[in-house]
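Here's a quick walk through a couple of spots in this fold, taken one at a time. Have the sequence and the 3D view open as you read.

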Amino acid sequence: MSAHGTPVPMTSCKSGPLKGIANVPGDKSISHRSLILGAMTVGETRIEGLLEGQDVLDTAKAMRSFGATVTDHGGGNWSVNGVGGLCEPETLIDCGNSGTGVRLLMGAMATHPISVTFTGDASLNKRPMARVTDPISLFGAKAHGRSGGRLPMTIQGAKHPVPIRYKVPVPSAQVKSAVLLAGLNAPGKTVVIEPEATRDHTERMLVGFGAEITVEDSSEGRVITLTGQPELNPQNITVPRDPSSAAFPVCAALICEGSNVLVPNIGLNPTRAGLFTTLREMGADLSYENERVEGGEPVADLRARFSPDMVGIEVPPERAASMIDEYPILSVVAAFASGQTVMRGVRELRVKESDRIEAMATGLRANGVEVEDGEDWWIVSGQGTGNVHGGGLCATYLDHRIAMSFITMGMASEKPVRIDDGSPIVTSFPIFEDLMTGLGGAITRNNH
Ligand code: S3P
């Protein structure tokens, strides 16, 4: 089954050299947050460089249902006119494929006296929601979902919310952010403790919108304290380009012979940039050019060149949160390195848009790459450049990153690599195919 009904089978063949400039779209995490925070503010928030991927478009639609005026001015320029809170939607909220969209929205509405029914596609409706419904019930919200805490689910927001102190049991920026967004409409101080640092866009953006929020390191981890019921001020937001999307042209250049690709204006927030550190440790020819700070976020142009001598490494488990979405494409690069790449402490990969360890291990094996895996670890045995056989058909399980990872792999494998369905790619990187073919990637759509 595909994201939108009709599967889009695709094939990629040995490509390269890849050359040119890869302008990847805006950051998905920041795009969702811009729309949600804009809608919770009185007045007009302007957003430049919004990711117009399906996940974010679904959040834009949701914010309209919650009462905000959301306008697309063209060219990635959007505005959101909020009414200072969320109104009860007349219809159900369909977040499509987006775990970030639904979890952040559940948090945001949990402290409003409204009732909302959330649903999603076949992938999202399988994913665990108790990680959000547990903390929001402490604020006073009530959730009624399917068995196992799955969507569709109706949440009745708290009429008289109370602030909470909550230690996040899994390393998840979505859960942390849901609690902070709920805390916005509760009186007093809401405290979130995260034992492992995860992406901190919500904290940074809340500061920008004028909330009182402090972050301290303690023996328990990062302690984030938000003072509830702030007056939020509308913002002008420039969304940096997405490091998780940049990962694909960067990694394609590293593995395709003779390549030299520039990926400009990439957000390198340390809570997101773990993949690039890992690639450099593997011996990738990856440099940061024109390093600067924009809108409070570190940004650089990434230059990636063909790197035939990469070696497998043990990825430090404490780095996992800063590259959690990049393990699928890292496992592809690992196949072209020599020696083993060991990835531990990555249990969360099993509850993403798909079970990403299972999906990647199965597809890599179908292409002649040896993989061992356990509940929270996996090891890819590198074949060395030029030795990845390819020729396999890979299932993508409604997961954009699985689809893009295998298409990237086929661009450097001996035999073409096929995927059963590339339609989910539109959720995060709608221009992926054009961008990769523009660099010299040999990608076709086919029926099989
Ligand atoms: C995201 C957090 C991560 C990540 C997702 C985006 C966010 O999920 O995988 O793509 O924007 O907060 P978890 O919070 O479940 O780790």
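## A sheet, two helices on it, and a helix pair

Let's start with the sheet. In this predicted model, four strands form an open sheet in the order β4-β5-β3-β14, and their pairing is mixed. Which strands stand at the edges? They are β4 (69-74) and β14 (236-238): each has a single partner strand, so one side of each is left without a neighbour in the sheet. On average, neighbouring strands here are turned by 15° against each other, direction ignored.

In general, the strands of a sheet pair through backbone hydrogen bonds, and they can do so parallel or antiparallel. For β3 (residues 42-48) and β5 (residues 77-83) the run is antiparallel, with seven bridges joining the two. If you want one to look up, E48 has N77 in β5 as its bridge partner.

Two helices pack on this sheet, and here is how they compare side by side.

| Helix | Strands touched | Direction angle |
|---|---|---|
| α1 (residues 28-39) | β3, β4, β5 and β14 | about 35° with β5 |
| α2 (residues 54-65) | β4 and β5 | about 140° with β4 |

Now move along the chain to A273, which you'll find in the loop between β15 (260-267) and α8 (274-281). Is A273 buried or exposed? Its relative accessible area is 8%, and the cut-off for buried is under 20%, so A273 counts as buried. Leaving out residues up to four places away in sequence, A273 touches L268 and S322. Its C-alpha atom is also 7.0 Å from that of P243, although A273 and P243 are 30 residues apart along the chain.

P243 brings us to the next pair, as helix α7 spans residues 243-255. How do α7 and α8 pack? Their angle is about 20° and their axes are 10 Å apart. Angles under 35 degrees count as roughly parallel, and α7 and α8 are therefore roughly parallel to each other. The crossing of α7 past α8 is left-handed.

Which residues make the contact? On the α7 side they are P243, A246, A247, V250, C251 and L254, while α8 puts in L275, F276 and L279. By class, that contact between α7 and α8 has nine nonpolar residues, with no polar and no charged ones. P243 is worth finding in the view, being one of the α7 contact residues as well as the residue whose C-alpha atom is 7.0 Å from that of A273.

Notes: Residues are numbered from 1 along each chain as its sequence is written. This is a predicted model: local features need pLDDT of at least 70, side-chain atom pairs count only at pLDDT 80 or more; totals for chains, interfaces and linings use all residues. Side-chain values use heavy atoms; hydrogens and water are left out. Two strands pair if DSSP finds at least two bridges between them. Axes are lines fitted to C-alpha atoms, for helices over the stretch in contact, and angles run from 0 to 180 degrees between N-to-C directions. Contact means heavy atoms within 4.5 Å. Buried means under 20% relative accessible area, exposed over 50%, partly exposed in between (1.4 Å probe, protein chains only). Angles under 35 degrees count as roughly parallel, over 145 as roughly antiparallel, 65 to 115 as roughly perpendicular and the rest as oblique. A crossing is left-handed if the near helix is turned anticlockwise from the far one by less than a right angle, and right-handed if clockwise. Ala, Val, Leu, Ile, Met, Phe, Trp, Tyr, Cys and Pro count as nonpolar, Asp, Glu, Lys and Arg as charged, and the others, Gly among them, as polar.
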